[in-house]
Amino acid sequence: MLGVTPQEVPDDAHLVHLGLGSLEMMRLVTRWRRQGVPADFAELTAAPTLAAWQRHLDAVWAARAPGVST
């Protein structure tokens, strides 16, 4: 979506500044949800970096793990 390889995007790069718009983020969230990834659009837009997205997804997956209360 950014026109670059994943290796070219530093983990702390602000994805909006690199050209990722809210419409693209909505498309990503929709695609991920269809694949079973519990992404939250508001969380992703609040901190649009790969590192923040990874932390968000790790936390959501951990909360969904069996035996973990939410």
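The mean pLDDT of the protein is 89. The model is predicted, and 93% of its residues reach a pLDDT of 70 or more. Confidence is highest in helix H2 (residues 41-46), with a mean of 95. It is lowest in H3, where the mean is 91.

The protein contains 3 helices and 0 strands. Read from the N terminus, the order of elements is α-α-α. The C-alpha trace spans about 40 × 20 × 20 Å along its principal axes. Of the 70 residues, 27% are buried. Contacts between residues at least 6 apart in sequence were also examined for their reach along the chain. Among these, 40% join residues at least 24 apart.

Helix H1 covers residues 22-34. Its 13 residues should span 18 Å at 1.5 Å a residue, and the end C-alpha atoms are indeed 18 Å apart. Four residues of H1 are named as buried: Met-25, Leu-28, Val-29 and Trp-32. Seen down the axis, these buried residues fall within an arc of 95°, so they line one face of H1. The pattern fits general helix geometry. An α-helix has 3.6 residues a turn, so residues three or four places apart point the same way. The buried residues of H1 pack against H2 and H3. After H1 comes Gly-36, which has a positive phi, near 90°.

Leu-28 illustrates the buried face of H1. Leu-28 counts as buried because its relative accessibility is 12%, under the 20% cut-off. Beyond residues up to four places away in sequence, Leu-28 touches Met-1 and Trp-53. Glu-8 lies 20 residues from Leu-28 along the chain, and the C-alpha atoms of the two are separated by 19 Å.

Helix H3 spans residues 50-64. It has 15 residues. From first C-alpha to last, H3 reaches 21 Å, close to the 21 Å expected at 1.5 Å a residue. Its buried residues are Ala-52, Trp-53, His-56, Leu-57 and Val-60. They sit on the same side of H3, because they cover an arc of only 130° around the axis. This buried set packs against H1 and H2.

The structure holds 1 aromatic pair. Trp-32 and Trp-53 form it, in an edge-to-face arrangement. The ring centres are 6.0 Å apart, and the planes meet at 85°. The pair links distant parts of the chain, with Trp-32 in H1 and Trp-53 in H3, 21 residues apart. Both Trp-32 and Trp-53 are buried. Trp-53 is also one of the residues touched by Leu-28.

His-56 is another buried member of H3. Its relative accessible area is 11%, and it is classed as buried because this value is under 20%. The side chain of His-56 reaches the backbone nitrogen of Asp-40 at 3.1 Å. Asp-40 is also among the contacts of His-56 outside its neighbours within four places in sequence. The others are Pro-38, Ala-39, Glu-43 and Leu-44. Glu-43 and Leu-44 fall within the residue range of H2, 41-46.

Conventions. Residues numbered from 1 in each chain as written. Predicted model: local features only at pLDDT ≥ 70, side-chain atom pairs only at ≥ 80, totals over all residues. Heavy atoms only, no water. Helix = DSSP H or I, 4+ residues; strand = E, 2+ residues; numbered from the N terminus. Buried < 20%, exposed > 50% of the residue type's maximum accessible area, 1.4 Å probe, protein only. Polar contact = N/O pair within 3.5 Å; in protein donor to acceptor, adjacent residues only side chain to side chain. Contact = heavy atoms within 4.5 Å. Phe/Tyr/Trp six-rings, centres within 6.5 Å; stacked < 30°, edge-to-face > 60°. pLDDT = per-residue confidence, 0-100. Expected span 1.5 Å × (residues − 1). Arc of directions from axis to C-beta.
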